[in-house]
Amino acid sequence: MKIDIEERMLHFKQPAGTSRGIYTERRIWLVKVIDGERVGIGECAPLPKLSCDDIPDYSEELRVKSEEFAAAIQEGDEAITAFFETLRDYPSMLFGMETALDGLKTSLAPSQRERVGGEPISIPTNGLVWMGSYDEMEQRIEQKLKQGFHCIKLKIGAIDFDAELELLKKIRKRFGPREIELRVDANGAFAYDEALYKLELLSQYALHSIEQPIKAKQWANMSELCRESPLRIALDEELIGVNDPEQKRQMLNIIRPAYIVLKPSLHGGMMGVREWVEIANDMGIGSWITSALESNVGLYAIARLAYDIYGPNIRMPQGLGTGLLFTDNIPMPLKMQGERLIIEN
C-alpha cells in the first residue's frame, strides 16, 4: 500500500470571472492510493481565499495527512472512519481521500450499466454563465440556449446592476419561466442595506433563486432577508467552515433558507454533504450539488455522489459542468450531451 501525490496546474479555456476575481488557472493535487494492481484516485482542490483549508503549507499538510490516511487504511474501516472525522476542517483533503478510497474499492470505474439498468448515468445540469461585460454575458447566454439548456445560472455582481437586470429582462422577453429556469449567484456581492431592494428588482423576472446575496457570517441579516425576500434564497459560501453537525443544524434553523448549494470540496467532503442534505431534508430545505472548479476527476466523483443522494430520476438541475472548463483536463468517462452530464464506461 502506498500513496502518491501529484500537484498539477490546470488552465481555463476562457477566464472564469466571479465577484472575487478572475481565474485563469487552477492548482489541484491528485491523491493516488495504490494497492498492488488496484489504484484509486482523488482530487484535492481548495479554492484560494475561499476554502476553509486554503492554508499556506497545503502541500506539506496534505502529505502528512496522506501518511495518516495510509496507516488508517491498513488498520481497517473503523480507523478510516475515525481518521475522516479528523479531517472535518480540511474538506478539500477529505473529499480527495474519500474519492481515492472509493476508487480503490471499485477500481474507479464501477459498472454504471449494472447500476442503472443498462444505461449510462444522465444528470440534468444548469448552464453556467460567468461574469463578464454585458456583451460577453449576452453571448454566453445565447450559447447556452443553443446548446439546449433549460436552466441558466448567471453569476452577477461584477458589472453594473442595471445592466444585469437588462440581461434578465431580455431573456424573459424571449422565454417564460416554464421554458427557461433562471438562477443567479451573487457570491455575497450585495451590501446588506441594499440587498432587499435588489432582491425585489430581481424578483420581477421570475427567478428560481439567488445564491448568497450578502457575505457570509451575517446569520441575523441573512435570516431577515430569507423572511422578507420575494425571491428564494440559497446558501453557498455561508456553509463554508461550518463543519460540526450541530452547528450545521443551528445555522439552518436560524437562517431558514429555501435551498443550500453543496460543494464537497468546500462543504465537508462527501461525508459532510450527506450530513447537510439529511439536516436540510429534516427542515424542509431543498438542496442541489455543484462542482467547484475541479478537474474531471473531482467532477466524476461529485456526479456519482449526486446520483447516489438524489437517485436515478434527478429532476432538479445540478451544477456539474465546471469540470469541462480546462484546456488540459484529465480524461474521464464524462461528456456533456445538451444540458445533461453523461457518465459512461
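**Val31 and two open sheets**

Good morning. Leaving aside neighbours within four places in sequence, Val31 is in contact with Ile3, Asp4, Gly40, Ile41, Gly42, Cys44, Leu62 and Ala100, where contact means heavy atoms within 4.5 Å. Before I continue, please note that this is a predicted model, in which local features need pLDDT of at least 70 and side-chain atom pairs count only at pLDDT 80 or more, whereas totals for chains, interfaces and linings use all residues. Residues are numbered from 1 along each chain as its sequence is written, and side-chain values use heavy atoms, with hydrogens and water left out.

Val31 itself belongs to strand E2, residues 21–35. Helices (H or I, at least four residues) and strands (E, at least two) are DSSP runs, numbered from the N terminus. Is Val31 buried or exposed? Val31 is buried, its relative accessible area being 0%; the cut-offs are under 20% for buried and over 50% for exposed, with partly exposed in between, using a 1.4 Å probe and protein chains only. Between Val31 and Leu101 there are 9.8 Å in space, C-alpha to C-alpha, although the two are 70 residues apart in sequence.

I turn now to the sheets. Strands of a sheet pair through backbone hydrogen bonds, either parallel or antiparallel. For pairing, DSSP must find at least two bridges between two strands.

One open sheet has three strands in the order E4-E13-E12, with antiparallel pairing. Strand E4 (121–124) and strand E12 (334–337) stand at its edges with a single partner strand each, so one side of each has no neighbour in the sheet. From one strand to the next, the twist averages 25°; axes here are lines fitted to C-alpha atoms, for helices over the stretch in contact, and angles run from 0 to 180 degrees between N-to-C directions. E12 is joined to strand E13, residues 340–343, by four bridges, and Met336 has Leu341 in E13 as its bridge partner. Helix H11, residues 296–310, packs on this sheet and touches E4, E12 and E13, its direction making about 100° with that of E13.

The other open sheet to present has seven strands, ordered E5-E6-E7-E8-E9-E10-E11, and its pairing is parallel. Which are its edge strands? They are strand E5 (127–129) and strand E11 (286–289), each pairing on one side only. Here too the twist averages 25° from one strand to the next. Strand E7 (residues 181–185) and strand E8 (residues 209–211) run parallel and are joined by three bridges; the bridge partner of Asp185 in E8 is Glu211. Finally, helix H5, residues 134–147, lies across E5 and strand E6 (151–155), running at about 170° to E5. Thank you.
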